[in-house]
Every structure is written in C-alpha cells, then in structure tokens.
Amino acid sequence: MFVEVALPLPLPRTFTYAVPPELRAQARAGARVLVPFGQRERIGWIDRVVETAAKPERAKPVTAVLDATPSATLPILKLCRWIADYYLAPLGQVLRTALPAGLTDSSTDFVTLARDPGEAALSEFEAKLVAFLREREGLQPVARVRRVLGERAWWPVIRRLEQEGIVRVETEGPRVEPPVRTRRVVRIARELPTLLSREEAFGRAKRQRELYETLESIGGSADTAHVTTGLGFGSELIRQLVKKELLAVDEEIIPRDPYAAIAATAAPRLNPTPAQAGVIDALVAATRTSAPGTFLLRGVTGSGKTLVYIELLREVVDRQGKTAIVLVPEIALTPQTVGRFKAVFGDRVAVLHSALSDGERYDEWRSLRSGEKRIVVGARSAVFAPMERVGAIIVDEEHEGSYKQGEAPRYHAREVAVVRARMEGAVCLLGSATPALESWANAQAGKYNLLELPERVGGQPLPPIKIVDLKKERERIRKSTGPLQEVAPVVVSDVLAAAVRDRIAKGEQTILLLNRRGYATFVQCRECGLVWHCPQCNVSLTYHRKRHRLTCHYCLHEEEAPRHCPSCGEDDLSFKGVGTEQVERAVEEAFPSARIARMDVDTTGAKWAHHDILGRVERGEVDLLLGTQMIAKGLDFPNVTLVGVINADVGINLPDFRATERTFQLLTQVAGRAGRGVKGGEVFIQTALPNHYAILSATDHDFVGFAEKEFETRREPAYPPFSRLLNVVVSGTEENATQAAAVEAADWVSGLLTGRKVKGVALVGPAPCPIDRIRGRWRWHFILRSDSPKTLGEVARYFYEKYRLPSNSKADLRLALDRDPVALL
Ligand SMILES: Nc1ncnc2c1ncn2[C@@H]1O[C@H](COP(=O)(O)OP(=O)(O)OP(=O)(O)O)[C@@H](O)[C@H]1O
Ligand SMILES: [Zn+2]
Ligand SMILES: [Zn+2]
C-alpha cells in the first residue's frame, strides 16, 4: 500500500510513500502524515491511497500518521484539489492555508527514555539520542531534539529505539495556546442532611458553619473571589473546611470567546419588508432543491441585505438543521454586521477574526468540526470551515478585493465559495450594492440568479450627491488671493466646510473619506525637482508629520524626514499630495470644538482599535469620523447625515484595468453611509474630474449605467469579464537577469502556443510591472489572455508543471502565477 502525499512546498506535485503494515488502518485521504523528506521530516497530507507505485523500491516509508480522524475532511480535500488545480498551487500549500496553523506545527511529538539501554551496542545517532534523553527528565519535543542535536531525519532513529523498547513516543494534538483561562470555584463536597451531623461537623466553629450554610443558600457553589471579597469569609476559613472535606475548591475553565463580550446584545426581531420577503422566499425555495445555485443580491446601500442573510440562516440552520458559512471582507471593520449575527444566533456562531491566537482559532475550528457550532462568520479563509451538511454560503460585499489572497495559493474566496456550494449542494448568496463586474456579467448571462433590493428600508431615499469641482475651487481662491500667491491644496472646500459646521451645530455626525494615509504622499525639492523614493521599491515615500518620518507603504521602510535636498542642497522642500493626517490637522483647525476620530492603518494598530473607534461613533462621542476606505464599509449609523469625499480622484488613474471600477465602488459605498436614519443626509464629492463617468454614475446612484459604460472600455482590448487573465510575474534582485528571465519565460509560452497551434490564447508582454520594484526585487510580467477559461487553464497548467526559471542564485529569481488577478500592479 502506498500514499500520494501533498507537502507544503512550492513544487507542483505530490510524493509517493510506502505505508508500513501497522499504519495501514489509519492511512486515509486527508490525514496528516509525517514523512522523511531530504535530510529531515515534514508534515504533509495524504492526497490519495493507492495500491501500486510506479517505482515501489524508491518509495520511503511513512514515519507516522498524525491524525486519528483525517484533519481534512473529504469535501475540504476535494475543494483544495480544485483550488490547487485552478489557481496553479501545490496541494500541500493549499491545505496548509485551509487548515488552522496549529495542525501544521510539528512541535507536537514527544519522545522520552523508557528503559536505559546501558552499554548496549547502538549506532552513533542512537547513542546521541539516548545520551540526550538521559540528561533530561520527562517528555522531550522532537523539535527540541532537532534543535539541540541538529537537523536530520531523526524519526528512523526514534522508531528503531522504540521497537527495542528503549524510548517511548507520544503524539499530542496540536497544543492550544495561550493556556486556557480558569477561575476558582468553591463548592459543597459533603452534604450534611441532619442537624446532628452539623453539630458534629462544626462544633463551636460558628463562622465555618455560617460559610457552609451561606453556600448552601446560594446554590452550593460560588466563585472563590465572591466568597472572600463579596461575602467576607476569609480564605483561611475555606481552607479549614476543605481540610474537613466539607468543601472543595476546583479550577473551572472559562470559555474563550473574545467576541462574546463585544456583541452579546439581543436585538428585537425585525419583520421583513415586502421587498425583503420576496428575496427571502426565492432563496428559501432554492434551498429546498437539490441544486440551489448561485444568487447575486444587488441591494442598494441600506436596503437591508443583512436581514436577508439572517432569514436565510434561520431557514437553513434552524429549520433544515444544516450549517452555514458567512464571509465578510475584513472582520475588524464589520463589528456591526457580526454583532447582528451574534444577536440572533448567539453561541451557535463561531467568529474567525484576525485577533484570534492560533489556539483560539483551533478551538473554533474544532467546535465547527464537531458540529457544536453551526454558523461561521469570518474573512477569506472561513470558506474552508470544516463543517458538514453545509446549506448556505453567503459572501457579503462580494465585490471586495480582499477576498483574493495576495500570495500563493492566490485563490479568490468568492469563486471558491461558489464552487464549494456547488460541490456540497448548498445555496451560494453573493451580496453587494456594487457587484463586481464579473458577478454582474454572470447574472446578466443567467449563470447567477439575480435578486434586487432597489430601495432603502422604510422608503428612505438615497442621499443626494453634490460634486465640488476642485479646479474651479482653486481658480476661485487664486482670484481672491492674487496670481503670485501659491495656492495650497484644497482640503475642505467652503461648501463642504459649511455643511460640516451645520451638522456639528445640530449634533449630527459626519464621515470624511480620503483614501490615502500619511500627511503628504510625496516630498519634492522645489529647486531641482527631486522626489524622495523608497530605496527598496519604485514608489515615492509618504511623509508622516507626527513622527516626522518618511515611510514606504509597500515595504514599511522608514527614514528621518529630510531638511534639505541631498542633490542640490536646497532647503525649500514641498510636501505634496494630501493624506489623512493632513486632513485631520485641517479639520482640527477649521472646527476646533469638534470631536474628531481618525481611522486608518496608522491609528488602528492595536488589537481592538477598530472596535473602540466605531464604538465611540455609535455612542455619539464623535462628531467627525475621518479615514481611508476602512470607513466606507457596511457602517450603519443613523445619525450620520453628511459624507464628504476629500478627493475622489485618488486611485482613478492607477495603471490598472480595475481602477475605475474600484473608484465607483468606493464612492457609492461611502456615500451609502449617509442618511440611513430618518433625518436623511447628503454627500459632497470633491474632484478634479467632475465629468468622469465613474464619478457621474456614483452621483446618480446608477450602478447599471456605470456597468454598461465600463463594459465598453473592457471590450477592446478584452479585459475581464470579457476575457480571463493569467498574470505571470518574474521577480529577482538583479534588473537585467529579471528582465532576461521574463523574456525567456514569455518566449517559452509563445513557442508553446505556436508549436501546439493553441487557439484563442493571447500573450501580452513581457514588460516591467507598473510598480517595477518592491522590497528590493525587480518585477517583470506578461499576461495570458483568453475568453475560454478552459483553454487558458490548460495552457497555464502546462506552463506551471513544465517550465522552470533558469537557476540564478545571485538574482534569486522567482515566478508567481496569478489567475484571475484583482490587480495588475
Ligand atoms: N425589515 C426591516 N425593518 C426595519 N428595519 C430594518 C429592516 N431591515 C433592515 N432594517 C434596518 O435597516 C438598516 C440597513 O440595513 P443593512 O445594514 O442590512 O443594509 P445593507 O443592505 O447591508 O446596507 P450596506 O450595503 O450599506 O451595508 C439597518 O439599521 C437595519 O437594522
Ligand atoms: Zn534639489
Ligand atoms: Zn518600500
């Protein structure tokens, strides 16, 4: 018997191992195994169990099977195989992404000396290991053996000594850290049913009897802390009664659920509006069929999509007894949405968020695996939740780019959700006010069922949006201050400022968006024009004023902000490109009485910073919330009556085919934060491109019109959804070698396409990437484009399996394949 083992290595294949007779019963697909690989041992997963191997004599034996029941269930294994195939990634890497980190940690095997072999004849390494164990007491992690005695295949050594009865091996499940939190509880250990028995037990010890009887009267047990500090009995008294075996003190485990404290408020049950009810009925009907399919719910901002999700969960989980997965883009940013699920389903919801430790994540994973929890809410990787009988998979804000993983495996969680739902007969629901154009095209083509909520709940209108033309604004200021005066950039225009002042006076709240952090996005010498760049990346450095430093937003490089130009010596430097830090300063000056909160990557480093800031907004402790795209998502604050976009053009001119789509989405989403309550609202968008169709469509709340215009620009040359792309990025530490390698790889593909007469796949490039250097690595790319995903997949697969970059250790060349890329930067 042999197994094909998937290892988490960047190699496009599995490896064949032999299964020793004693391991055969446990060796099942999806189980973790320990196998010798090169000079060491590695953890992998059994992909397939096979009876024969191509070269049986070369197959090394599996060292151990680590799972009693396979950690990857069959549906998960199947899903991972699909991802490995479609996204061109090694199955082992996909499995490592899909399963909790604790499971791939090898520090879970222990070895100890069972019997001292004395002077018995041992090999060199056996003797070394015995000496090591002799010096130490108890179980030693095998990882420590490796650390102290050196990296080599220790398992064969351990196994032989184990057969001789010299050592003993114990394998623990992955360790759960941090250690569980406990509390001490004191309880009655022996009942005293008769008066006589009480007299005997306490005699003249009145306080002892009082303590005992107090405990009786409050149910027989209490927190030790409550008994001492709350009720005033000394801990000495408890000790005396424990000694008499009348009381006992236990440690009790406090369940860890960091979200419990945050979102435990029960919400009143809402009755769906007729529009919501129609959508819910269609979904419920689908769940009762054998192939429910994929639904796209396009519901304008504030149309009550969350209630649709909740009612779908009620049907699937409560009535049909199945399980469900809810994906949200970034969990820290959506505490309200998560809170609503918690309020309805309470403990049945597992929340997978980034603040969980590996141990906590593993706890949640296990509770889903065992069926104890039946709903999971989480970001991208929650699509791999190990539940059985999945009835629904919901993807909220399905247009979000964060659903795509930036490193291998470069999967898109929305696409994986669609595939998983199909494989498991679940309904898949994609929801957004601004669907991704791919999803929209699928709905137009009838591949997805389209559901719509065209109006806000309660007949609330969408807020009117006004455009502030920044060019005209500058012109106006220039006229009033004279031609020679240099005009500072307009941060908050007069109309927007007046609107903000009005809200502050009325006690209403304002959201200001600028999708660019820092103080100034570049620094330039006024004399010679020098712009400060990151030494590692080809991007300008951003000036952070509070810390007086320049930082790179790609690689986090930091340096002291300059005082003069190193090239010409000039000390007149200009700080250009307004960022959130500068907006904060401007509004602090303009509205000195306002309570201002800023939310961007720089202010949300701490674990619960998002919650703190959003909590303050919710409680009305903030007049003005200012931030990057973080504040555009899903927030539902009825007292926000004004939204201002400081500069809508940030990002619109990025050399990426999705730049316009992203701008439209961001503007529509942030505008949707205004006027969600009865007070109504309004929106101001400041822009230098007042006639751009992304901005005009956003102003009209016209998603359909935008999609039509954007489709026009993507037809020729064809970009998604009219074609599928594979972005092939070659990177390396030397410019020339990187370019040469990219050219060679592209030539190879070109030869393949002509040699095999492949039709319908075009090769574009190679060329330098738009950002041609990141973290010291030069980057070149070429694109394969096709309107047939199947043909593109076949070509991509062939390239992935057969092509290797020339080895050049000096340039450290690497190849990255990104199928269906979300950005080409
Ligand atoms: N049937 C209902 N009756 C009363 N209130 C409702 C109903 N449905 C939803 N709401 C309320 O309407 C508001 C908007 O709902 P929700 O946040 O789900 O909108 P959304 O469609 O997710 O919007 P966005 O895309 O902007 O996040 C919420 O405050 C919600 O409690
Ligand atoms: Zn200069
Ligand atoms: Zn950098």
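Let me start with helix H13, residues 358-369, which lies across strands E14 and E15 and runs at about 145° to E14. What you are looking at is a predicted model, so please keep that in mind throughout.

The two strands under H13 belong to a sheet. How many strands does this open sheet have, and in what order? There are 7, in the order E14-E15-E13-E16-E17-E12-E18, and the pairing is parallel. Strand E14, residues 349-352, and strand E18 are the edge strands, since each of these pairs on one side only. From one strand to the next, the twist averages 15°.

One pairing inside the sheet can serve as an example. Strand E13, residues 323-327, pairs with strand E15, residues 375-378, in the parallel sense, over 4 bridges. If you want to find the register on screen, look for Ala 324, whose bridge partner in E15 is Ile 375.

Now a word on the record. An unreviewed UniProt entry carries the annotation "domain: Helicase ATP-binding", and that annotation covers residues 286-453. In the model, this span is 36% helix and 22% strand, and its end C-alpha atoms lie 18 Å apart.

Next, helix H10, residues 274-287. At 1.5 Å a residue, its 14 residues should span 20 Å, and the end C-alpha atoms are indeed 20 Å apart, so expectation and model agree. Which residues of H10 are buried? They are Gln 276, Val 279, Ile 280, Leu 283 and Ala 286. These cover an arc of only 120° around the axis, which means that they sit on the same side of H10. The general rule behind this is worth learning: an α-helix has 3.6 residues a turn, so residues three or four places apart point the same way.

What do the buried residues of H10 pack against? Their partners are strand E12 (294-299), helix H11 (305-319), strand E17 (427-432) and strand E18 (449-453). E12, E17 and E18 also appear in the strand order of the open sheet. On the face of H10 turned away from the buried side, we find the exposed residues Pro 274, Asp 281 and Ala 285.

Let us move along the chain to strand E20, residues 509-513. Here 5 of the 5 residues are buried, so the strand is largely enclosed by the rest of the structure. Gln 509, Ile 511 and Leu 513 point one way, while Thr 510 and Leu 512 point the other way, and all are buried.

Which strands pair with E20? One of them is strand E28, residues 640-645, which runs parallel to E20 and is joined to it by 5 bridges. In that pairing, Thr 510 stands opposite Leu 642. Another is strand E27, residues 624-627, again in the parallel sense, over 4 bridges. There, Leu 513 stands opposite Gly 627.

Now some backbone details. The peptide bond from Pro 720 to Pro 721 is cis, with omega near 5°. Pro 721 is in the loop between helix H22 (703-715) and strand E30 (724-732). The bond from Gly 765 to Pro 766 is also cis, with omega near 10°. Pro 766, however, has its place in a strand, namely E31, residues 761-774.

Two residues other than glycine have a positive phi. Leu 88 has phi near 55°, and Glu 245 has phi near 60°. Leu 88 lies in the loop between helix H1 (74-86) and helix H2 (91-98). Glu 245 lies in the loop between helix H9 (235-243) and strand E11 (247-253).

Are these two buried or exposed? Leu 88 has 22 C-beta neighbours inside 10 Å, so it counts as buried. Glu 245 has 10 such neighbours, so it counts as exposed. The cut-offs are 20 or more for buried and 12 or fewer for exposed.

My last stop is Ser 786, in strand E32, residues 777-786. Ser 786 is buried, because 22 other C-beta atoms lie within 10 Å. What does Ser 786 touch, leaving out residues up to four places away in sequence? The contacts are Ser 723, Arg 724, Gly 760, Val 761, Thr 791 and Leu 792. As for distance, the C-alpha atoms of Ser 786 and Val 640 are separated by 45 Å, and the two residues are 146 apart along the chain.

That is where I will stop.

Key. Residues are numbered from 1 along each chain as its sequence is written. Chains are lettered from A and ligands numbered from 1 in the order in which they are written. This is a predicted model: local features need pLDDT of at least 70, side-chain atom pairs count only at pLDDT 80 or more; totals for chains, interfaces and linings use all residues. The expected span of a helix is 1.5 Å times one less than its number of residues. The arc is that of the directions from the helix axis to the C-beta atoms. Two residues are in contact if their C-beta atoms, placed from the backbone, lie within 7 Å. UniProt positions are given in the numbering used here, feature names are shortened, and annotations may be inferred rather than shown by experiment. Two strands pair if DSSP finds at least two bridges between them. Axes are lines fitted to C-alpha atoms, for helices over the stretch in contact, and angles run from 0 to 180 degrees between N-to-C directions.
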